[in-house]
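Subject: Structure for you to look through

Hi,

Here is the structure I promised to pass on. Please open it and keep it beside you while you read my notes.

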Amino acid sequence: MTDRMKRPGGGAWGAAVGVAGVFALLTALPLAASGRLPERVATHWGGAAPDGSMPVWAASMFPALIWAVPALCTILMARRTHAPAPSWAGAALAFTGVFMAGTQASIVRANLDRADWREAGSAGLGIALTFVAALTAGALGWITGRRGELRYPAAAAGASLEIPAGQHDVWLSRTTNPWLHLVAAVTGVAALAAALAAAGGLLTGMQWAVVTPFALASVLTLAFSSVQARVTEKGLEVAFGPLGRPTRSWAPQDIESSRAESRTPAQLGGWGYRLSGLGTTVMLRSGECLVIRPRKGAEFAVRVDDAERGAALLNTLSAGRPG
C-alpha cells in the first residue's frame, strides 16, 4: 500500500503577496490613469460600442472587491484545514486573478484620453488575449498544486525496505524555501504591475526595460525555490521548481548506496545548489538530506523530509530486490 497526503506549502506568504498584489493592481490601475480618463469610464460593451459606465472610483473598487471574495474564501479554507488549497482552487485563483487584472488594463486602455465614456475604444482584443493568458496561468496553477501531493511507502524506515512481490512503491518528498517564494511573488507582482501599466497605455517606449528584469528575477527565483525528490523503479529523480524543471536522475544500477545524513548551510558554504568537499548538495533548509553515492562521480545530497525512508527504498531498488 502507499500512503498519500498533502503538506502545507512553504509558499504561503508568497501566495498571500500574490493575492494582495492582484487586489492592489485592480484598485490602483484606474486611479493611476485618472488624469487621462473621463469622469465616468466605459465598463461594458454591447458589441463594438460601450453601453455601460462607472465613476473612476467605482471602476477601481468594484473589481477589487469581486476578486477579494474567492481569494479570502480560499485562504480561510486553507487556514481551517491547516493544509494547502486543492489543485482546482489554485487553478481557479490563478485564472481569475490574471483574467481580472488583464481585463482591468484593457478597460483602462479603451478609455484612455477620451473626453467621454461613450467615445471609448473597443476592449475586445485585449480581453481575448487576457483570456488566453488566464487559461495558461490556470493550467500552471493546477500543475503546481498537483505536484504538492506527496507519496510515501507505508513500510517502516530502515537500511532497506521489504517490498512484496508485485507491489510498486513510490517515495516522494518536497522541500520549499518560503523566503524564495516570497521574493518570487514580490518580483512577479512588480512585473505584472509593469505589464498591466504597459497594456493600459501608461508606459510607452520603456515597458520592456521595466518588465523584463522583474519577470526574469521572479521566474529564476521560483525555479529554484523548491526541490522534489522521487524514488521509483526507475531510480532517483530530483526536480526543481513548481513545474519540476530542470531535473537530475540516476538509475538504480548507477547508485552504489544511499543514506540519510543531517547537513547545514554552514558545512556547505551557504544555501542553494552547493559544490563542496561533500560533493553536490541542494540545500534549501537545514536538516536531514537524502545522500546517494553514485558508482561514478561525487556524492549527491538533497535536503528533503523523510530522507531515511527514501534512502531505504532506493537501497532496496539498487540491490536488485523486487519493487
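Start with I292, which sits in strand β12. The model is a predicted one, so please keep that in mind throughout. Is I292 buried or exposed? I292 has a relative accessibility of 0%, and the cut-off for buried is under 20%, so I292 counts as buried. Which residues does I292 touch, once neighbours within four places in sequence are set aside? The contacts are L236, W250, I255, S257, S258, E299, F300 and L314. Take L314 from that list. I292 and L314 are 22 residues apart in sequence, yet their C-alpha atoms are 9.0 Å apart in space.

**The core**

Next, the largest nonpolar core. This core has 21 residues. Which of them touch the most other members? They are L236, V238, L290 and V302. Five elements each supply at least two residues: β6 (226-232), β7 (235-240), β12 (287-294), β13 (300-303) and α8 (307-318). The largest share comes from α8, with five residues. Apart from this core lies another, of 12 residues. Among its members are A101, V108, L112 and L196. In soluble globular proteins, nonpolar side chains tend to be buried together.

Now click on L290. Skip the residues up to four places away in sequence. L290 then touches W171, L236, R259, F300, A301, V302, V304, A307, G310 and A311.

**Strand β13 and its partners**

β13 is worth a slow look. In a regular strand the side chains alternate between the two faces of the sheet. In β13, F300 and V302 are on one side, and A301 and R303 are on the other. Are these four buried or exposed? All four are buried, and both faces of β13 are covered.

β13 pairs with β11 (residues 279-283) and with β12. β11 and β13 run parallel, joined by three bridges. T280 has F300 of β13 as its bridge partner. β12 and β13 are antiparallel, with four bridges. Here V291 has A301 of β13 as its bridge partner. β12 and β13 also form a hairpin, with five residues between the strands. In that hairpin G297 has a positive phi, near 95°.

**Strands β7 and β8**

β7 and β8 run antiparallel too, and four bridges join them. L236 has W250 of β8 as its bridge partner. You met both L236 and W250 above, as contacts of I292. The hairpin of β7 and β8 has six residues between the strands. G241 takes a positive phi there, near 80°.

The loop between β7 and β8 (247-250) also holds P246. What kind of peptide bond joins R245 and P246? The bond is cis, with omega about 0°.

**Two aspartates with positive phi**

Two residues other than glycine also have positive phi values. D113 has a phi near 60°. D113 is in the loop between α3 and α4 (124-146). Its relative accessible area is 53%, and exposed means over 50%, so D113 is exposed. D306 has a positive phi of about 60° as well, although D306 is not a glycine. D306 lies in the loop between β13 and α8. D306 has a relative accessible area of 22%, which falls between the 20% and 50% cut-offs, so D306 is partly exposed.

**The cavity**

How many cavities of 30 Å³ or more does the whole structure hold? The search finds one. The volume of the largest cavity is about 40 Å³. P30, L37, V41, A59, Q104, I107, V108 and N111 line this cavity. Helix α3 (residues 87-111) gives the largest share of the lining, four residues. By type, six of the lining residues are nonpolar and two are polar, with no charged residue. Note V108, which lines the cavity and is also a member of the core of 12 residues.

**The whole chain**

Last, step back. The chain has eight helices and 13 strands. The chain counts 323 residues, of which 42% are buried. What about contacts between residues with a separation of 6 or more? Of these contacts, 66% link residues 24 or more positions apart.

I suggest you start at β13 and work outwards.

Best wishes

Notes:
Residues numbered from 1 in each chain as written. Predicted model: local features only at pLDDT ≥ 70, side-chain atom pairs only at ≥ 80, totals over all residues. Heavy atoms only, no water. Core = buried A, V, L, I, M, F, W, Y, C linked by side-chain atoms within 4.5 Å. Buried < 20%, exposed > 50% of the residue type's maximum accessible area, 1.4 Å probe, protein only. Contact = heavy atoms within 4.5 Å. Pairing = 2+ DSSP bridges. 1 Å grid on protein atoms, 1.4 Å probe; cavity = no way out; pocket = protein on both sides within 12 Å on 5 of 7 lines; lining within 4 Å. Points joined across faces, edges and corners; volume = space filled by probe spheres on them. Nonpolar A, V, L, I, M, F, W, Y, C, P; charged D, E, K, R; others polar.
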